[in-house]
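Open the model in your viewer and keep the sequence panel beside it. The tour goes from selection to selection, with a short note at each stop.

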Amino acid sequence: MSDATINAETNTDSPTAAPTASNPATANSPAATAISAGTASGDQSTFTVGSPVWVDLNVPDLTAVQGFYESLFGWEFEDMGPDFGHYHLITRHGAAVGGAMSMAENDSDEAPAWMVYLKSDDIEKSLTDTAAAGGDVIVPAMPMPELGTMGVVTSPGGEVMGVWQPNRLEGFVLDNSVGSPAWFEVMSFNYDVDAEYYRTVWGWEPVLLGEDGKEQPDEGGDAETEDAEAMGRYANNHRGENATAGLCEPDPSWFPEGTPSYWQPYFSVENADAAVDLIRQQGGSVLDGPLDTPFGRLATVTDPAGASFQIAELTQQ
């Protein structure tokens, strides 16, 4: 994912644009419905600073993968028009899911990827603090009229991610319905560096999980920490119901040499096994799974362009 950078010379690779007379997002469109409602159909008031609030997809040719996502998740794609670089708002039943667009020609050497955006209440400070921590600012703060302000950074651990300071558009809807965003995590090959970055810049309080998926106590002790390190550490960004994202330390042997750290989103499906069958039929690939976990049945997949993401048949609580 860290190859999926946004062209800093334009203001088109960004979360959705407000409806205007020259914009096809009319008052009756899914885009206008999602934006004007402020995505209020989800519990957006619980978005805390440092939590994922948006995702978007960058691929060489969006039209080549739209049918894949429409079949898999029932998504609708609405072109926001030439004024916004033909950025598309993704909705499902009027609820905002994220955005998508075709890469610019000068980005043709970038890998197709999903990008995750974290919420900021002061984007200039978030970008400055990221640079001070050893990261890089790829796209400086860029206002989106009425909706908010975006930026793109590389963390000290190497993963590319977006930053979003909301105004009118708070973010996506999290309701666990099919096709909605379900979870987000950093696959970090620099776990300790990333843990410190997200703690100091984004207010995370990483909580280690055991092999059974249960949180470790604060006073866990050296033995439990050593066990976690031996099997590859996984931490939620906060404890209990306040958790909104994870930090994973994968085994490097699972990946091609030189793979950078990256963010990955999860999307809900009704049946993981049926979903992977459909993914293959629609020209995508299954990289891993489906696997049963304490959180549900999961699989790692790619769309026909090669952008990877996770699907999750969530465990019913």
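Two strands count as paired when DSSP finds at least two bridges between them. Keep in mind that this is a predicted model.

**Stop 1: the β6–β7 pair**

Select β6 (136-144) and β7 (148-154). The two strands run antiparallel, and 6 bridges join them. Now pick Met 142. Opposite Met 142 stands Met 150 in β7.

**Stop 2: the sheet around that pair**

Widen the selection to the whole sheet. Its 8 strands come in the order β2-β3-β4-β1-β5-β8-β7-β6. The sheet is open, with mixed pairing. Which strands are at the edges? They are β2 (76-79) and β6, each pairing on one side only. From one strand to the next, the twist averages 25°.

**Stop 3: helix α3**

Add α3, residues 123-132. This helix packs on the sheet and touches β6, β7 and β8. Its direction makes about 175° with that of β6.

Which residues of α3 are buried? Colour Ile 123, Ser 126, Leu 127 and Thr 130. Look down the helix axis: the buried residues fall within an arc of 95°, so they line one face of α3. Their cover includes β6, β7, β8 (160-166) and α4 (191-202). Turn to the other side of α3, where Thr 128 and Ala 132 are exposed. After the helix comes Gly 134, with a positive phi near 110°.

**Stop 4: helix α4**

Select α4. On the sheet you have just seen, α4 lies across β5 (113-119), β7 and β8. It runs at about 15° to β8. The helix also lies across β9 (181-187), β10, β11 (234-236), β12 (246-248) and β13. Against β12, α4 runs at about 160°.

**Stop 5: the second sheet**

Show the strands β10-β11-β12-β9-β13-β16-β15-β14, listed here in sheet order. These 8 strands form an open sheet with mixed pairing. At the edges are β10 and β14 (285-293), each paired on one side only.

Zoom in on β13 and β16 (residues 308-314): they run parallel and share 3 bridges. Ser 268 has Ala 312 in β16 as its bridge partner. Then add helix α2, residues 63-73. The helix lies across β13, β15 (296-302) and β16, at about 10° to β16.

**Stop 6: Gln 264**

Stay on β13 and pick Gln 264; the strand covers residues 262-268. Is Gln 264 buried or exposed? Its relative accessibility is 3%, so Gln 264 counts as buried. Draw a distance to Glu 185: a polar contact of 2.6 Å joins the two side chains.

**Stop 7: aromatic rings**

Show the aromatic side chains. The model has 22 aromatic pairs. Start with Tyr 198 and Trp 204: their ring centres are 4.5 Å apart and their planes meet at 20°, so the pair is stacked. Both Tyr 198 and Trp 204 are buried.

Next, take Phe 255 and Tyr 262. This pair is edge-to-face, with 6.3 Å centre to centre and 70° between the planes. Tyr 262 is buried, at a relative accessible area of 11%. Finish with one aromatic cluster: Phe 68, Tyr 69, Phe 73, Trp 75, Phe 77, Trp 114, Phe 267 and Phe 309.

**Stop 8: Glu 205**

Go to the loop between α4 and β10 (207-208) and pick Glu 205. At 55% relative accessibility, this residue is exposed. Measure from C-alpha to C-alpha to Ala 195: the two are 8.8 Å apart in space and 10 residues apart in sequence. Beyond its neighbours within four places in sequence, Glu 205 contacts Asn 236, Asn 237 and His 238.

**Stop 9: backbone checks**

Most residues other than glycine have a negative phi, and most peptide bonds are trans. Three places to inspect follow.

- His 93: phi is positive, near 55°. His 93 lies in the loop between β3 (88-92) and β4 (95-102), and is exposed at 70% relative accessible area.
- Asn 176: phi is positive, near 65°. Asn 176 sits in the loop between β8 and β9, and counts as exposed at 55% relative accessibility.
- Gly 289 and Pro 290: a cis peptide bond joins them, with omega about 5°. Pro 290 is in strand β14.

How values were computed. Residues numbered from 1 in each chain as written. Predicted model: local features only at pLDDT ≥ 70, side-chain atom pairs only at ≥ 80, totals over all residues. Heavy atoms only, no water. Helix = DSSP H or I, 4+ residues; strand = E, 2+ residues; numbered from the N terminus. Buried < 20%, exposed > 50% of the residue type's maximum accessible area, 1.4 Å probe, protein only. Polar contact = N/O pair within 3.5 Å; in protein donor to acceptor, adjacent residues only side chain to side chain. Arc of directions from axis to C-beta. Contact = heavy atoms within 4.5 Å. Axes fitted to C-alpha atoms, helices over the stretch in contact; angles between N-to-C directions. Phe/Tyr/Trp six-rings, centres within 6.5 Å; stacked < 30°, edge-to-face > 60°.
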